[in-house]
Amino acid sequence: MPARRGSQPSRRMGQKKQRLAEAEQLQSPSGAAQTPSPKDPCVGLPTTLGPQRSIYFSRPMGHLTRLGSEFFDQPAVPLARAFLGQVLVRRLANGTELRGRVVETEAYLGPEDEAAHSRGGRQTPRNRGMFMKPGTLYVYIIYGMYFCMNISSRGDGACVLLRALEPLGGLETMRQLRTTLRKGTACRALKDRELCSGPSKLCQALAIDKSFDQRDLAQDEAMWLERGPPGPREPAVVATARVGVGYSGEWAQKPLRFYIQGSPWVSVVDRAAERQAQA
C-alpha cells in the first residue's frame, strides 16, 4: 500500500517536469537582471504569436501614468491597498504588452510577522529583495516550479504579494503561457477568469520568473505599474485573512489580505468578511 500511494505523486511530478521542459524550449524573456540557475524553472514565451500591442496602449514608457518610487515608499498595509485598481504591465521580448488590473493583494509586515519569509529578521540570498528599497521585486519558487511575486514596501523585510489580476490586454498570449505550465490536462481552454486568479497563475500568465527577482519595478523596462483609470466610485475593499499561512499561529487570522469586493477575478472570496464589512 505505501508503495502504491507514492506512485501517483511520482507520476504527477513526472508530468510537471515534462510540461516544464516543454516551456523551457520556448523563447525566454529578454532584459533579465540575472541568469537563472540551471536548477530553476524558467517561464518561456510563446513564439507563435506576434506583437499584440494595442494602439490605445502604445504610449512611450516614460508617460506620466507610470508609478514611480514614491508610490512604493509606504508601509505594507497601505501599499497593499494602494495596489488595488492599478495596472501591471509586462512587455515581452517581441513587443507584446500584457496588462492586468490588480484586484487582490496580501501584506507581509516584516520580522514581527510569523507568516513572512523575513520573520525574525532573517536575511538570506533568497529573501534579500524584501530588505531592499521599496519597489524591489521579490520573486520566489513554490513547489519547485511555480513563482510568486512580491514588491518590497517601506520597512525592512516588509512586502506586498500580488495575488490576482483582472486581465485587460494580451489575453490570448496569457492563455498560451498559462496552458504551457498549468497543472492538469492541457486540452481544456482556460477561461478568462482563470488566467490570473492566483499568485502563481499571474506569474505564468505574465512570464515572470526568478530572473525578475531584485529588479526595481519603478525603473524596469520589461515590467512596470501604471495608475489605473478612475472609476465612477471608489470600489469597496474587503480585508480578510491571508491564504495558505495556517502555520503562523495568530498571524494566520490577521486581516492582511485585501481584494476588490464583487470582482470576479479574485482568487478566494470570503463571504463572511464581506457580510461583516457591510454590517
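Which residues of β6 are buried on one side, and which on the other? In this predicted model, M223 and L225 lie on one side of the strand and W224 and E226 on the other. These four residues are all buried, and both faces of β6 are thereby covered.

Strand β6 is joined to β1, which spans residues 87-91, by 4 bridges, and the two strands run antiparallel. Within this pairing, L88 stands opposite L225 of β6. The contacts of L88, not counting residues up to four places away in sequence, include M223, W224 and L225. L88 also touches L98, R99, G100, M149, L162, L165, L206 and L217.

L88 is one of the residues with the most contacts inside the largest nonpolar core, a set of 51 residues. The others named in this respect are F72, F83, M149 and L206. A second core, separate from the largest, has 12 residues, among them A115, F131, C159 and L161.

Helix α3 comprises residues 76-83, of which A76, L79, A80 and F83 are buried. Viewed down the helix axis, the buried residues of α3 fall within an arc of 100°, and therefore they line one face of the helix. Their packing partners include helix α2 (69-72) and the strands β2 (97-108) and β4 (146-152). The buried residues of α3 also pack against β5 (159-169), β6 (223-226) and β8 (257-260). After α3 comes G85, which has a positive phi, near 95°.

Definitions and conventions:
Residues numbered from 1 in each chain as written. Predicted model: local features only at pLDDT ≥ 70, side-chain atom pairs only at ≥ 80, totals over all residues. Heavy atoms only, no water. Buried < 20%, exposed > 50% of the residue type's maximum accessible area, 1.4 Å probe, protein only. Arc of directions from axis to C-beta. Contact = heavy atoms within 4.5 Å. Pairing = 2+ DSSP bridges. Core = buried A, V, L, I, M, F, W, Y, C linked by side-chain atoms within 4.5 Å.
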